[in-house]
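Subject: Structure handover

Hi,

Here is the structure I said I would pass on. Have a look at it first, and my notes follow underneath.

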Amino acid sequence: MKPVKNYPILFAQEGPLNAQSWIIKNGLLIGRDSDCDITIPDRQVSRKHARIEIAKDNLIRIIDLDSKNGTDVNDIYASEPQSLENGDVVKIALIQELTFISSDATLPLEAYRKQKESKSQKLFIDENARRVWIGEEELLPPLSVFQYKLLNLLYKFEDTVVSREKVVREVWTEDEAIGVSEQALDALVRRLRARINRIDPTHEYISTIRGVGFIFRNDIYKD
């Protein structure tokens with residue numbers, strides 16, 4: 001029996017196509033026209049807006065087709081063909097978000113080993129692929145760039161209070177950090193908690209230490 005081949009997919013969020021997904025086998029055409037592989041029925045989207053293609057070495061990239069309102073990857077305008085990595089967020093004319101999920105859709109062996117060594121540890125991050133599992137369930141669609149940076153930072157400093165100042169320095173760039181308010185940081189933490197709670201609402205992984213910072217606890221058996 002031939003092994004089952006996994007394909008990368010696009011997962012739609014925050015837009016007209018919310019919660020739909022498409023397998024990337026031979027490339028996808030994105031636009032407003034009904035004959036596109038991904039049709040976004042909005043006037044801000046060009047008839048032939050962008051194309052997903054499989055490049056050399058099976059890399060997946062997106063190409064903006066001189067669209068009127070542009071294509072962004074992780075909030076950066078894609079003026080040239082842009083390779084996609086797991087968790088990247090594509091915005092079509094700022095109307096539709098599409099999250100790229102890589103073809104490797106199974107829990108890494110490293111995760112199984114880590115969980116076996118410490119059965120109480122439930123959340124696992126594969127930093128190489130920038131993917132998150134809670135138990136044996138992957139957190140999909142992937143976290144946003146800022147959500148992932150925050151979780152990965154707290155994950156590395158498990159059981160240690162990380163100050164609000166350090167979080168801002170590590171999650172945002174130097175220029176971005178200047179304009180980050182207390183409210184913006186708290187909102188990011190709430191959104192991250194909400195994503196985790198969809199899979200496991202039984203354990204508080206991230207706690208707020210009022211006036212100080214945040215602490216991540218992965219051991220579900222600790223008080």
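Let me start with D33, which sits in the loop between β3 (28–31) and β4. This is a predicted model, by the way, so read everything below in that light. Is D33 buried or exposed? With a relative accessible area of 17%, D33 falls under the 20% cut-off, so D33 counts as buried. Once you set aside the neighbours within four places in sequence, D33 is in contact with T39, R47 and K48.

The strands on either side of that loop belong to an open sheet. Five strands make up this sheet, in the order β4-β3-β5-β6-β9, and their pairing is mixed. At the edges stand β4 (38–39) and β9 (82–83); each has a single partner strand, so one side of each has no neighbour in the sheet. Further in, β5 (residues 50–54) and β6 (residues 60–64) run antiparallel and are joined by five bridges. If you want one pair to click on, E53 has R61 in β6 as its bridge partner.

For the overall picture, the chain contains five helices and 17 strands. It has 223 residues, of which 45% count as buried. Among the contacts with a separation of 6 or more, 43% are between residues 24 or more positions apart.

Now the interior. In soluble globular proteins, nonpolar side chains tend to be buried together. Here, the largest nonpolar core has 29 residues, and L123, L151 and I206 are the ones that touch the most other members. At least two residues of this core come from each of β12 (123–126), β13 (131–134), α2, α3 (164–171), α5 and β17 (213–216). Which element gives the largest share of this core? That would be α2, with six residues. A second, separate core has 23 residues, including L10, A12, I24 and V73.

Back to L123 for a moment, as its contact list is worth a look. Leaving out residues up to four places away in sequence, L123 touches V132, W133, I134, L151, Y155, I196, Y205, F216 and N218.

On to the empty space, which I guess is what you will want to open up first. The largest pocket holds about 740 Å³ of space. Its lining counts 29 residues, and V89, E97, S144, V145 and Q147 are the ones nearest its centre. By class, that lining divides into 14 nonpolar, six polar and nine charged residues. The elements β1, β10 (89–92), β11 (96–101), α2 and α5 (182–199) each supply at least two of the lining residues. The largest share of the pocket lining is from α5, at six residues.

How many cavities of 30 Å³ or more does the structure hold? Just one, with about 60 Å³ of space in it. The cavity is lined by N86, R130, R131, V132, E138, L139, L140, P142, L143 and Y148. Six of those lining residues are nonpolar, one is polar and three are charged. V132 appears in this lining and also among the contacts of L123.

Last, some backbone geometry to check before you set anything up. Most residues other than glycine have a negative phi, and most peptide bonds are trans. There are a few departures here:

- L140 and P141 are joined by a cis peptide bond, with omega at about -5°. P141 lies in the loop between β14 (137–138) and α2 (145–156), and L140 is one of the cavity-lining residues.
- E14 is not a glycine, yet it has a positive phi of about 40°. E14 belongs to the loop between β1 (9–13) and β2 (21–23). At 59% relative accessibility, over the 50% cut-off, E14 counts as exposed.
- D159 also has a positive phi, near 65°, in a residue other than glycine. Its place is the loop between α2 and β15 (162–163). D159 has a relative accessible area of 33%, so it is partly exposed.

That's the lot from my side. Shout if anything is unclear.

Cheers

Key:
Residues numbered from 1 in each chain as written. Predicted model: local features only at pLDDT ≥ 70, side-chain atom pairs only at ≥ 80, totals over all residues. Heavy atoms only, no water. 1 Å grid on protein atoms, 1.4 Å probe; cavity = no way out; pocket = protein on both sides within 12 Å on 5 of 7 lines; lining within 4 Å. Points joined across faces, edges and corners; volume = space filled by probe spheres on them. Nonpolar A, V, L, I, M, F, W, Y, C, P; charged D, E, K, R; others polar. Helix = DSSP H or I, 4+ residues; strand = E, 2+ residues; numbered from the N terminus. Buried < 20%, exposed > 50% of the residue type's maximum accessible area, 1.4 Å probe, protein only. Pairing = 2+ DSSP bridges. Contact = heavy atoms within 4.5 Å. Core = buried A, V, L, I, M, F, W, Y, C linked by side-chain atoms within 4.5 Å.
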